[in-house]
Amino acid sequence: MPDNSLHSKYLSGVPAGRKNGVRNAAVEKRTEELPEKQFDFSRKIRELRLELEIKKREEERIEKDIAIILEENTIDGGEQNRSFGLAVTRFNNQMLVVENSAKQLTSALKNISALADTISGRVSALDVAKTRVVGCLQLAGDMRDLGVCAEGIDDAIRSEDFETASQHIHRFLTLDQAVFQIRDFKQKDATDSIRHSYEILSSAKERLSKILKSRLTEAVQNKNVAEMQRFVKLFPLIHEPDEGLQRYSVYLNQIIDKLAEENLAIMKAGGTDDNRRNVLYADTLFIFFEGVAEIIESNLPVLEHTYGLEKLLDFMFILQARIDDFFKRLLEEFDARRRLSHLNRIVDDVLHNRKLNEEEAPDPLEIDVIASEICMMNTSVEMYWRFVGRRIGSKDVDMARSPSGDDDEEIDEEARLERQRLRKEAKEQKMDQLLNRSRVGTKMQELIGSYCSLEHFYMLKSVQKAIKSDAKEDVGGLTSSIVDDVVFIIRKSIRRAAGSGNVDSVCATINNATALLDTVVHNYLHQHIQTGYVTSSNFASEAFTAYQQGKQVKEAAECQKEQFLQALNNAAKLSELLIELQKGLIMEWSKVKRPPVEKNKLEHSTTQIEESAKKFSSLARHGAEELFKSAIKNKIRQKADPYHDIDRQMTMDDIEHYEAHDPFVDQFLVQINCLLVEHEPALFPENYEAVVLLTASEIARQIEVAIAKCQFNRYGALQLDKEYRQICAYLTNVAGWSAREKLGRLGQIVSLLNVETIDEAMEVWHHSKTMTTSTTRTLTLPEVRKVLALRADFPTIAIKSIE
Amino acid sequence: MEDYKYLFKVVLVGNAGVGKTCLVRKFTQGIFPPGQSATIGVDFMIKTVKVGNDKIKLQIWDTAGQERFRSITQSYYRSAHAIVLVYDVSCQPSFDCLPEWLGEIESYANRRVLKILVGNKVDKGDEREVPERIGRDFSDVNHFDYFLETSALDATNVDQLFEQVATRLTNDMKITDERVHQYRADATNTTSNSGGPIKLIDRAQTQLNSCCSRQ
């Protein structure tokens, strides 16, 4: 293509040679005509000839050009063109071959697909045929079975071989319905025989059912256990399991009733063991449930195989009616003898401050006993529920799996899981119905409700009693009896509630216990701390009031002081013991297996004990502050006074002199130590530590105040540093590292003063920023300026300009 | 792990069958359990919500409404931060019992407890027996902190209810915290007054800072 366009370009750009030729001819022709016309065209002709000559040359030149260009283009371009053309042709040929092959392939595939269709058609036909054959075989088998059953049934019934008869009926009942549709077929003899068998078996079933029922009833009446167990097994085979269970449970109910009667009789007579009269009703309940569990245990295996587990739950419901009845009677007796409703009313009144008649209020000890008994009763009930759950609930997994073994349809996995879930849900609902909504369940919940009130009352009264009889422990003890008493009472109540097995009652008891701690006990201690710590400084006013009240002044003050210290120490110790109690309870309960919700409940309830402990701890801290304020704080200030008098513009000689003759610190620390030592024996370790820390802060503050009023030179700062280290060493020795933290700010000030230049001071300051812990705050820039201004030898302008 | 800022106890009370458990389940698990049977004792759930940038842990104690659990449920009032009293708008008797519940709250709960009144089951449309206005009036007269009508079935206002509880408790708590902080700061400042001008400057500085940051 490019060649062509090239050609055309040149061709069109130059007038064609031929065209010129034509013109030349025309010119010649004209020249021939000239002589005849007699015109002188010689000049014109000359001109034209000249022009012709020029054109001729031009033509030659252009033709040469064209030839060159043509040559140039054909040398390699033509060659390429040729080879390209060849390649295209080859390719074309090949494409033709491919096309042919593709066509062949298509036809081959068509062939194959047709074949495959035929094959699959045949296979599916075979499949249909196979299922039909299988169906036919099944049908034939069923029909044969039907015949056998029909033949055998009468004999079996007649010979009282009920097991065989039931098997026959079972086979008959589980036959495919298709068998019976054959009745409508045309071949008369075949359908006749089937109809015949069907009728025989239907009537036989009726007969057998009647016989079995009457036999079982009879056996129940005669209390013939072997017969009963023999017959009860047969009911599921004739598809009437409910009938069987109903009749069988009549028997078991009789046994249960008998057991109930016996137990109630013994109970009414006052039990067999006088030592256990306090827990007579709980014992009776325990023995009864043991008996029932035994009855169920010995009878369940008979039912388990033939009825399946789902039916067993229904069976338990039937039995539950009798158990409920027994429980009701037991409770009536319990209520009457232990005067539970009566006590409950009074207890509620007391708890809700409706009536404050102390006369009528029951003895906490009496309540204690009843509370224990209710807990034991709940334990028995829980034990029974666990038994039922284990006996019927634990086989859940087996039950769910057995059908999956039979089904080999893996595709239905989801549907199967769904079914399993539904079944499980239904079962859980039934269990819930049995456990929580049966009469035993609801009555027990009611009883637990009463128990919670009783326990609350018991704790309240016992704590009140402990407060009333609060007495200092043996000589040297820091705390009084109330601490141990209160913790003992609360621990006892919470553990008793835990022993009942009912988590809600534990939570309620913890709630009530912490309520008592936060109100009654807290108020008692708070009131003593509130009255304040008497020292000689505020002694005068105290003495005056005491004098007015006609007391021995000295004695009253001593007494108040002692009470204050005791309350302070009690609060600290109580806090410690409560934390211990909480940890102990968590440890104890971590071993018991419980559902996650219940674990959560317990965990979050116990944190309340911790909260109460924190409240006592902050009460103790408050007390320690009071003590510190009235007994120590002012003395520290007084003793720090001489510190102001030291001149801080020192010389080297001064320092050496002070090395030998300490101006202040030694004496100061000795005095502080005296103060602390005086209080140490009277304080619980935690309280003492609090006082020491407060002391540390106060010392730091006093020194800081003194420093702010001085002017230092380098030696004065050096001396200060030495003193600071001494104080630091002392406090660390007395109270450990936490005391040192209280001195953090002072430390910063001291090191800021101990520099040679302002630049060095800035370095120290920036360094301290990175070193400080969260408890000590770094000095702010204005503070730094202020501190540096204390150095008399630093120029004021330089200090002002620091940033 | 336990990276929450505050933990609050929320206690739900009200007659049996007004839908306390359904409200809690809808909120905590997003499901409406059909055929929910009566609660036994107390049910317990935990859910963490966000108020602003703070994580707030709500400890929800869902109590049984039936009378026989009363002495157990009563023990929960005192330590509750919020009490949600629920009635059923389609059940007049559940509304009529409110004064009784209120009496319990007054006598056992902390005086500063957040009290919230909730009329549940608003989805029941035509079966409504308690008009919204009546509920609101009751809540106003009895100084409830908040009143809301909800439906656990169609999730109306369920999240809002608990969000309100969390938000209000958080805000209250923050105010208390600030007050304590202020008190502490004041205490240290007054006791260290003798510390001289450094302290005063310092205090002015912090006040200035706090003013600036508040804007």
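## A loop residue in chain B

B:K121 sits in the loop that links β5 (114-120) to α5 (132-141) of chain B. In this predicted model, B:K121 is not a glycine, yet its phi is positive, at about 70 degrees. For comparison, most residues other than glycine have a negative phi. Is B:K121 buried or exposed? B:K121 has 26 C-beta neighbours inside 10 Å, so it counts as buried.

## Another positive phi, and a glycine

B:A155 also deserves a look: it is not a glycine, and its phi is positive, at about 70 degrees. Its place is the loop between β6 and α6 (158-191) of chain B. Because B:A155 has 15 C-beta neighbours inside 10 Å, it counts as partly exposed.

A glycine with a positive phi can be found just after helix α1(B): this is B:G30, with a phi near 70 degrees.

## The enclosed helix α1 of chain B

How many of the ten residues of helix α1 (residues 20-29) of chain B are buried? Eight of them are, so this helix is largely enclosed by the rest of the structure. If you would like to find them in the model, the buried residues of α1(B) are B:K20, B:T21, B:C22, B:L23, B:V24, B:R25, B:K26 and B:F27.

## A tyrosine in strand β6

B:Y146 belongs to strand β6 (residues 146-149) of chain B. It has 16 C-beta neighbours inside 10 Å and therefore counts as partly exposed. Leaving out residues up to four places away in sequence, B:Y146 touches B:I116 and B:Q164. Ten residues away along the chain is B:R136, and the C-alpha atoms of B:Y146 and B:R136 are separated by 9.0 Å.

## The largest nonpolar core

The largest nonpolar core holds 216 residues, and the members that touch the most others are A:L568, A:V691, B:A82 and B:I83. Which helix gives the most to this core? Helix α15 (residues 439-468) of chain A does, with 13 residues.

B:A82 is a good place to start exploring. Setting aside neighbours within four places in sequence, B:A82 is in contact with B:F8, B:V10, B:V113, B:L114, B:I116, B:V165 and B:L169. One of these, B:I116, is also touched by B:Y146 of strand β6.

## Chain A and its helices

Now for chain A, whose secondary structure comes to 29 helices and zero strands. Of its 803 residues, 31% are buried. Looking at contacts in chain A between residues at least 6 apart in sequence, 76% join residues at least 24 apart.

## Helix α24 and its partners

Helix α24 (residues 714-735) of chain A packs with helix α26 (residues 744-753) of chain A, their axes coming within 9 Å and crossing at roughly 150 degrees. An angle over 145 degrees counts as roughly antiparallel, so α24(A) is roughly antiparallel to α26(A). The crossing of α24(A) past α26(A) is left-handed. On one side of the contact are A:A717, A:L720, A:D721 and A:Y724 of α24(A), and on the other are A:L746, A:G747, A:V750 and A:L753 of α26(A). Sorted by class, this contact has six nonpolar residues, one polar and one charged.

α24(A) also packs with helix α21 (residues 652-660) of chain A, at an angle of about 20 degrees and with the axes 9 Å apart. Since angles under 35 degrees count as roughly parallel, α21(A) is roughly parallel to α24(A). Here the crossing is right-handed. A:M652, A:D654, A:I655 and A:Y658 of α21(A) meet A:Y715, A:L718 and A:Q719 of α24(A). These residues divide into five nonpolar, one polar and one charged.

## Where the two chains meet

Finally, let us see how chain B touches chain A. The contact takes 24 residues from chain B and 29 residues from chain A. On the chain B side, β2 (42-51), α2 (70-74) and α7 (197-214) each supply at least two residues. Which of the elements of chain B gives the most to this side? The answer is α7(B), with four residues. By class, the side of chain B that touches chain A has eight nonpolar, twelve polar and four charged residues.

Technical notes:
Residues are numbered from 1 along each chain as its sequence is written. Chains are lettered from A and ligands numbered from 1 in the order in which they are written. This is a predicted model: local features need pLDDT of at least 70, side-chain atom pairs count only at pLDDT 80 or more; totals for chains, interfaces and linings use all residues. A nonpolar core is a set of buried Ala, Val, Leu, Ile, Met, Phe, Trp, Tyr and Cys residues joined through C-beta atoms within 7 Å. A residue is buried if 20 or more other C-beta atoms lie within 10 Å of its own, exposed if 12 or fewer, and partly exposed in between; C-beta atoms are placed from the backbone. Two residues are in contact if their C-beta atoms, placed from the backbone, lie within 7 Å. Axes are lines fitted to C-alpha atoms, for helices over the stretch in contact, and angles run from 0 to 180 degrees between N-to-C directions. Angles under 35 degrees count as roughly parallel, over 145 as roughly antiparallel, 65 to 115 as roughly perpendicular and the rest as oblique. A crossing is left-handed if the near helix is turned anticlockwise from the far one by less than a right angle, and right-handed if clockwise. Ala, Val, Leu, Ile, Met, Phe, Trp, Tyr, Cys and Pro count as nonpolar, Asp, Glu, Lys and Arg as charged, and the others, Gly among them, as polar.
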